[in-house]
Amino acid sequence: MNMKITEHSYNFFVRLCGSLLRSIMDEATFIERSGDLEEVYQYQKVSSGKLYALIWLLSQVIGTMLVALAHSFYWGIAMFKNYIKTAFRTMSRNSGHAVINVMGLAIGIAVFILISMYVHYESGWDQFNENYDRIYRLGTHEGNGTYICAGVGHEVATAIPQILKSVRFRLRTNYLFQIQKEGSDNRESFKVPQMFWVDSTLFDVFSIEMVYGDPQSALREPYSVVITEPISQRMFGTENPLGRVIRVNDRYEVTVTGVVKVPDRFHIPFDALGSYCTLGETTSSRLTSWNTPTYVLLPENHDLNEVEANISTYFRDRLREANGAEYTFFLFPLKNIYLRDIRMGQFWKNGDLQFMRIAFIIAWAILLLATVNFINLTTAKGLTRAKEVGIRKVVGSDRKRMIIQFMTESVIYSVTAFVFALILIFAVMERFNLLMRVAIQPSDLFSFSTVVIFIAGTSTIGLAAGLYPAFYLSAFHPVSILKGEKNRGKRAVLLRRGLMLLQFSISIILIIGTLTVYNQVHYMKNKDLGFNEEHILQFRLTQGMRASQASFKNRLLTDSRVKSVAFSNAYPESIANFESIEYKGERTGFGMFTVDPDYFDVYDIRLKEGRFFDQTRETDRIGKFILNETAVKELGLEDPVVGTIIHNKVYESTAFPVEAIEIIGVVKDFHYKSLHYDIWPLAFNWNPGWEFKASVRIDPDDVSGAISHIRAVWQEMTPAIPFEFHFMDEFLDRKYKNDERIGRLIGVLAFLGLFIAALGLLGLSSFLSQQRTKEIGIRKVLGATFGRIFLLLTREFALLIVLACTVAFPSAWILLNRWLSNYPYRAGINISFFVASACIAIVAAILTVGWQVSRSANTDPVISLRYE
Amino acid sequence: MKAISRNEETILLTILKLEDAAYGVSIREKIEEDTGDTWSFASIYQPLDKLLRKNMVVKVKGEPSAARGGKCKFYYHVTNAGKSALLDMRRKHDQVWSGVPQIILE
């Protein structure tokens, strides 16, 4: 026995046992049981020693407590059966109230869950990759930052030890795939919107799943192509396409070496992948032409700065020699691309981080609204159960039990609401997916973690919402209740008003938000872009047509419905090439367009100074640039700008540079991309050989006629390939679709928020007017008109709304300003929206309250006063 | 006839054996003496409470004593209901045991 344990601690434990026992049982039982224990304890102290006796005592007490616990559990469950029965009975008695309450909460929960799932979906892009946190995109600080030259990508994996693998992507859009039909001379044509030439190391870096074919060898040989499952199904149906031959752009043939599944949420959308080696050794090792995005894989532990420095050092000299400039490289992590990387000329998809945040906040706001509603309605209704409370107390319930009873009811309500929320979610999921352009599955709802969250969340809402009513209601004094005294409860009223204030503020903010977003979208869609984007067809020439471009243009122009035709290397909305010039000690980047002189006419780009390219002047083809206003500003050129000569080695989109360029004209700035983006500095030069994108302006009065003429000319020149084109304004429209979506979503949320608030109002006002039935009856008897009674009862709410406005307006202002700062060109915040939203709220309130009030105001006073 | 569990039966029989001196501690000691098993207090009190509720046992207050820290003892007595429950159990027990071949139990 350890004698070091002091007398003091022994006494402590004995007393502890005593208090433990006392806590379980009443006085009488305690006396008996503790006496028995003490008797034996004393005996054992003497016979077996202090320590043994103490341990024995503790074990006995613990045993007793466990039994008591089991008992109370058993009885607790018995009581719950009664509570549940009561809860359902109450619900069916007050079915109207129950429906409103549950509906409001169900909507709130459904909205919250859907938006949370959306946020979760958008946060998981690119995570299908095993090497997710080790993949980086290579870029340079100079120029665009995402396009680097092919030669760097070619060597970087072998030259730099810390880079394990690299893969280059060369984007080619709208390729034509043709396959030979069985037993006929005809070929079936398919358009492939996004095709990339990629290195064979693709599958080492990105975890793309292959359905047919071997990932190790699929892209090793030149003229191999790997297609996605959807494309394979379109072209070959259900058969295995391995080994089939495809004719590309009517120029050469490739063999299908694999079929891949479309990866789940990959930021690079692709339809086909060709082997990079097809492009040849020269292209592959070129150190000019900055047009090849490259991704690299790094090992587990790496020092980013070190690797970047290594790359820059390794290539510095050769790049300087080839381009006449210095380049610093940086590595951009994969995990930041989808949500945080939006740049000029990007080829990847983006999610909207800003929007995600807003949506998430709004989701919380609506959930809050719904819960607040729930609390309000439950409390209000509870006041009518005062009699039940009184009777229960008289019959023997204590406060603790009443609290448990009301909490149980509240949890049952919230569980019911949750079930309805689930039903709502399933019903709406399809449309939600379309609206938000995500792909949420019902199965996502049932993963282990989400189920846990649901259970926890529902219980929390039920418990939290039930807390206040439970405490408030169980505090009623049975005697005063049964006597019929009405407990006015000042604090209750204050709380109720406060909660309604919150609801209305949130709704008002949402309405203002919706109006502003719609306004912004409208503004952007209708703002003058600075050039004419309407009635312009854009299409790609085939390789075969390049030789006969001039005659193609002439043939097109024979028809008066074709106004003008131009060829270029890119359409205005997608810059393909980037260059940089060093002038006065600073290096400026800009986008380069290689065009023909008619380009400016087709797009109606306005000249500010100087002149356009002259068809007759051959010298205009070499080293002559036209800049836009922003370019002039960025470069810091001084007047007179026209005629300035800059001595730089510049690549005019070919492999052969010029030593100096002369500025022959300046055009006014125009929004070549949507209004989401600032205008970049642009340069135009005229250089045949790389122009294979056609832009045609047609007569707006006879669109179909013009199209058929163009198609006829095309068929004559290229009979084998179908004529495909798109309109430029369609393309721009798509940009605004996203904002429209946002506006629509916020609109829906605003409506729901207001709806929930209105539901709350409905419930409350119906209850309140019921409470005052007698008062209303008396007033009617004394001669009050319906109008006066109406005003009397709605006064309370009207004041609330005014107060809500004072809270909501400044908050809305702050929030909207922050959101609008995203857009370089904005419509501004309109005061009339604030006024409008307040009016909407007031009207909604008047309608709901008014309806309720009119019901009770119209009752015959005889009936209402009879109840005594 | 209300059924009683094995433990309840044991306790009732022990109380009868102890005649006027059956209380928590003595019941526990007697059971240990008879069966060799040590029961915790909890497993004494739980059946006792059940028996009290079934009115098969009554509780009588006794004298305070120093060994119990000045608290009273409570003595238990079996009621008629308890006695008839015991007899019932005994009869059923004998009937069920009769006819079991001796050889199996060796």
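Is A:Glu662 buried, partly exposed or exposed? In this predicted model, A:Glu662 turns out to be partly exposed, at a relative accessible area of 26%. Its partner is A:Lys624, and the two side chains meet in a salt bridge with 3.7 Å from N to O. This pair ties together distant parts of the chain, with A:Lys624 sitting in strand β18 (residues 624-628) of chain A and A:Glu662 in strand β20 (residues 657-667) of chain A, 38 residues apart. The lysine end is the buried one: A:Lys624 has just 15% relative accessibility, and buried means under 20%.

As for the chain around that pair, chain A carries 26 helices and 23 strands. It runs to 868 residues, and 51% of them count as buried. Contacts in chain A reach a long way along the sequence: taking those with a separation of 6 or more, 79% join residues 24 or more positions apart. The accessible surface of chain A adds up to about 40,600 Å², with carbon and sulfur atoms holding 59% of it.

One helix of chain A gives a closer look at burial. In α12 (residues 386-395), the buried residues include A:Ala386, A:Glu388, A:Val389, A:Gly390 and A:Lys393. After α12(A) comes A:Gly396, and its phi is positive, near 130°.

Turning to where the chains meet, 19 residues of chain A are in contact with 20 residues of chain B. Between them, chain A and chain B bury about 1,700 Å², and 52% of that is on carbon and sulfur atoms. On the chain A side, A:Glu32, A:Arg33 and A:Glu39 lose the most area to chain B, together making up 34% of what that side buries.

Polar links cross this boundary too. There are six residue pairs in polar contact between chain A and chain B, both at pLDDT 80 or more. Two elements give two or more residues to the side of chain A that touches chain B, namely α2 (27-48) and α3 (50-93) of chain A. The biggest giver is α2(A), with 12 residues. By residue type, that side divides into seven nonpolar, seven polar and five charged. The salt bridges between the two chains come to two. In one of them, A:Arg33 pairs with B:Asp49, and the closest N and O atoms are 3.0 Å apart.

Over all chains, the structure holds 26 salt bridges. Side chains of opposite charge can pair when their charged atoms come close. Within chain A, A:Arg265 and A:Asp264 do this at 3.1 Å, N to O. Here the arginine is buried, with A:Arg265 at a relative accessible area of 19%, while A:Asp264 is partly exposed at 41%.

Chain B has its own examples. B:Lys92 and B:Asp88 form a salt bridge with their closest N and O atoms 3.0 Å apart. Because the two are four residues apart in helix α4 (residues 80-97) of chain B, about one helical turn separates B:Lys92 from B:Asp88. In this pair B:Asp88 is buried, at 14% relative accessible area, whereas B:Lys92 is partly exposed, at 43%.

A network of salt bridges also links B:Lys17, B:Lys30, B:Glu33 and B:Asp34. One of its members, B:Lys30, lies in helix α2 (residues 24-35) of chain B. B:Lys30 is buried, with a relative accessible area of 18%. Leaving aside residues up to four places away in sequence, B:Lys30 touches B:Thr14, B:Lys17 and B:Leu18.

Conventions
Residues are numbered from 1 along each chain as its sequence is written. Chains are lettered from A and ligands numbered from 1 in the order in which they are written. This is a predicted model: local features need pLDDT of at least 70, side-chain atom pairs count only at pLDDT 80 or more; totals for chains, interfaces and linings use all residues. Side-chain values use heavy atoms; hydrogens and water are left out. Buried means under 20% relative accessible area, exposed over 50%, partly exposed in between (1.4 Å probe, protein chains only). Contact means heavy atoms within 4.5 Å. Accessible areas come from the Shrake-Rupley method with a 1.4 Å probe; for residues, only the protein chains shown count as cover. Buried area is the accessible area (1.4 Å probe) that two parts lose on being put together, summed over both. A salt bridge is a side-chain nitrogen of Lys or Arg within 4 Å of a carboxyl oxygen of Asp or Glu. A polar contact is a pair of N or O atoms within 3.5 Å; within protein, one must be able to donate a hydrogen and the other to accept it, and residues adjacent in sequence count only if both atoms are side-chain atoms. Ala, Val, Leu, Ile, Met, Phe, Trp, Tyr, Cys and Pro count as nonpolar, Asp, Glu, Lys and Arg as charged, and the others, Gly among them, as polar.
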